[in-house]
Amino acid sequence: MPVIDIHNHFFPRTWPDLAARYGTPNWPWIKHTEPGRAEIMLGDRFFRNIYAACWDADVRLSEMERDGVDIQVLSATPVLFAYDRPIEHALDCAKLFNDAALELCAQGKGRLKALCQVPLQDIDAACGELSRCMRAGHLGVQIGNHVGEKNLDDPGIVTFLHHCADEGAAVLVHPWDMLAPQRMPNYMMPWTVGMPAETQLGIVAMILGGAFDKLPQGLRICFAHGGGSFAFLLGRLENAWRHHPVAHGVCELPPRQYLNRFYVDSAVFDSRTLEFLAGTMGTERVMLGSDYPFPLGEHGIGSLIRGSGLSQSAKAQLLGGNAEEFLGLKTGTSGREVSEVTPPAEVHHDQLTYSSYLRVPELLQLQQPQSSPNHHDEMLFIIVHQTYELWFKELLHDLDAVVANLRAAAANPQAHDEVYEAARLLRRCTEITRVLVEQFTILETMLPTHFLAFRGKLEPASGFQSEQFRELEFLCGLKDEKMLRYHRPTPEAHAQLERRLREPSLHQAFFDALRAMGRLQIAEDATERQQFDARARAVLALYRDEHSYRDWIDVCERLTEFDELVVSWRLRHIQLVERTIGVRMGTGGSAGSSYLKLTLDKKFFPELWEARTLLTE
Ligand code: HEM
């Protein structure tokens with residue numbers, strides 16, 4: 001996988017005298033002081049020392065070589081944004097530097113790419129320049145985190161971001177024009193204090209202002225400098241969101257739910273901070289960004305990630321894998337190993353691999369023990385639960401298809417294909433559930449004392465909060481609204497379960513089909529008990545006419561078997577619970593095994609069982 005640095009800057013060796021060109025003062029210009037060295041000036045004010053890496057592709061390539069970087073994605077510097085200038089000047093300036101960026105990239109032996117800049121004070125002009133640049137070969141755009149008083153949730157800026165998504169342009173948000181300059185005149189505080197606050201402000205404005213709700217999922221947007229103060233203060237933001245309606249803004253979900261809508265770069269200069277950032281954002285959301293070749297940039301690009309305590313697969317994601325996604329570069333496997341610095345490898349495009357198809361690196365990142373120091377068996381505890389959840393997902397997938405087939409059968413009672421298909425998929429569900437019953441034995445290799453060593457870390461997490469388990473119950477027909485209360489901390493799960501409560505269940509779809517076939521009649525004024533009896537007798541009638549209803553009997557048998565296996569699952573779970581914590585209370589606050597024993601009487605399809613009693617009448 002290539003190592004890709006998505007945040008670094010360039011300056012052309014020369015450019016026209018902008019002050020003379022536009023007749024306005026304080027434009028940036030470059031003052032070459034000695035070979036390979038220069039100063040950026042703003043009018044007659046010194047701004048920054050720079051060196052040849054800013055404009056000389058060979059210097060840059062040799063330093064990339066030294067640091068083990070395959071690709072750099074260049075952007076201009078925020079002093080060139082010119083958002084407060086007349087639009088015609090800002091647009092002309094943007095074109096000048098955008099074309100200069102591509103000229104530098106052309107000397108980069110395929111290893112230099114560029115993000116353009118746009119005059120964001122005029123949305124039409126900004127969209128036009130972005131489209132021009134994308135056609136010319138830019139991979140996206142760098143924008144400031146605000147335009148004067150307008151934050152990133154401003155409707156015009158949202159329109160521009162929408163256009164970026166439509167054009168497939170990656171967006172890098174860079175802080176600029178820092179707040180409260182009069183209170184930060186010294187000590188580089190605009191960089192060390194102002195910039196992180198500006199970036200946090202950009203992200204928070206997008207979340208609370210509802211920008212992410214309006215923008216397509218496909219927008220690829222990244223915030224520089226690790227997202228500024230955002231990740232560190234996310235808890236504070238959520239606390240306000242929960243307790244003060246006014247802090248809700250207009251967004252649809254709690255702030256944390258938007259973490260999968262944006263990336264941040266790795267420019268945080270501290271390995272513990274980087275690990276925290278990856279833990280908060282997810283390792284799939286952090287990318288190598290160096291701020292090279294400026295004095296505050298990372299010296300030894302990528303060394304922070306390489307030297308961090310992240311796993312090898314996470315490092316690979318941060319060093320390049322995530323950037324490939326962000327930039328829309330679908331590349332294959334070859335490239336340098338993350339732990340070593342080797343000559344640059346060629347980037348191969350479009351090669352699907354076992355790992356990339358199955359998302360193995362992401363999957364292997366998802367086991368995050370809570371015990372410290374790590375308790376050996378916590379890994380097993382996590383993996384067993386995750387495996388259950390994956391199978392629950394497949395069960396939901398298949399059972400939804402069973403419901404769809406039964407509904408199709410109800411719509412066309414003569415057809416048999418849907419009935420066979422329902423039976424076939426139900427057979428898969430029973431086989432999966434059989435494995436789920438068996439799987440508890442693996443967890444029983446954990447001594448009760450070993451579980452107790454980390455159990456305290458789990459509270460108040462509990463199996464009660466398994467959204468998918470409850471979804472399965474609701475989908476099959478056991479709809480108990482009271483169970484929703486365990487999902488209040490996770491509004492998305494809560495909403496999904498409410499949807500399941502409203503949707504027709506497997507139980508309902510099955511009996512609707514019998515009704516459509518004319519095999520079930522229920523009087524309007526029938527009591528619950530009479531309805532139940534009518535359903536059980538309808539099943540009985542199917543079994544008594546085996547010759548005509550072989551396919552439906554097969555469905556009944558599979559449903560019965562599934563019901564039976566879920567009870568076996570409940571029983572084995574209770575045995576595991578008693579073997580591990582005896583009759584202690586659960587972390588979810590229930591009485592533990594005595595509560596769970598009450599669930600053993602739950603059946604999805606009690607009429608199928610009743611029919612058996614009736615058969616022997
Ligand atoms: C050491 C292992 C385990 C222990 C001690 C344990 C304990 C418990 C307890 C005490 C409850 C009752 C709710 C509460 O008060 O928290 C419960 C519920 C539950 N557990 Fe486990 N459990 C274990 C493993 C598992 C595994 C591997 C799964 C797999 C998904 C699982 C899934 C569930 C589910 C879905 C519920 C809710 C059941 C219902 O409401 O009917 N548990 N567990």
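Here are legends for a few close-up views of this predicted model.

**View 1. Eight strands side by side make an open sheet.** Follow the strands across and you'll read the order E1-E5-E6-E7-E8-E9-E10-E11, with parallel pairing. At the edges sit strand E1 (4–9) and strand E11 (286–287); each has a single partner strand, so one side of each has no neighbour in the sheet. As a bit of background, strands in a sheet pair through backbone hydrogen bonds, and they can do that in a parallel or antiparallel way.

**View 2. Here strand E7 meets strand E8.** E7 covers residues 140–144 and E8 covers residues 170–174, and the two pair in the parallel sense over 5 bridges. Look for glutamine 142: opposite it stands leucine 172 in E8.

**View 3. Helices H2 and H6 pack on the sheet.** Helix H2 (residues 57–67) touches E1, strand E5 (71–75) and strand E6 (112–116). The direction of H2 makes about 135 degrees with that of E5. Helix H6 (residues 189–208) touches E8 and strand E9 (221–223), and its direction makes about 145 degrees with that of E9.

**View 4. Is aspartate 398 buried or exposed?** Aspartate 398 has its place in helix H14 (residues 378–411). Its relative accessibility is just 3%, so it counts as buried, the cut-off being under 20%. Leaving aside neighbours within four places in sequence, aspartate 398 is in contact with Leu425, Arg428, Cys429 and Ile432.

**View 5. A histidine reaches the iron atom of the ligand.** His573 is the only protein donor here, with its NE2 atom at 2.2 Å from the iron. You'll find histidine 573 in helix H22 (residues 550–581).

Key: Residues are numbered from 1 along each chain as its sequence is written. This is a predicted model: local features need pLDDT of at least 70, side-chain atom pairs count only at pLDDT 80 or more; totals for chains, interfaces and linings use all residues. Side-chain values use heavy atoms; hydrogens and water are left out. Two strands pair if DSSP finds at least two bridges between them. Helices (H or I, at least four residues) and strands (E, at least two) are DSSP runs, numbered from the N terminus. Contact means heavy atoms within 4.5 Å. Axes are lines fitted to C-alpha atoms, for helices over the stretch in contact, and angles run from 0 to 180 degrees between N-to-C directions. Buried means under 20% relative accessible area, exposed over 50%, partly exposed in between (1.4 Å probe, protein chains only). Donors are N, O and S atoms within 2.8 Å of the metal (3.2 Å for Na, K and Ca); water is not among the atoms, so sites may look incomplete.
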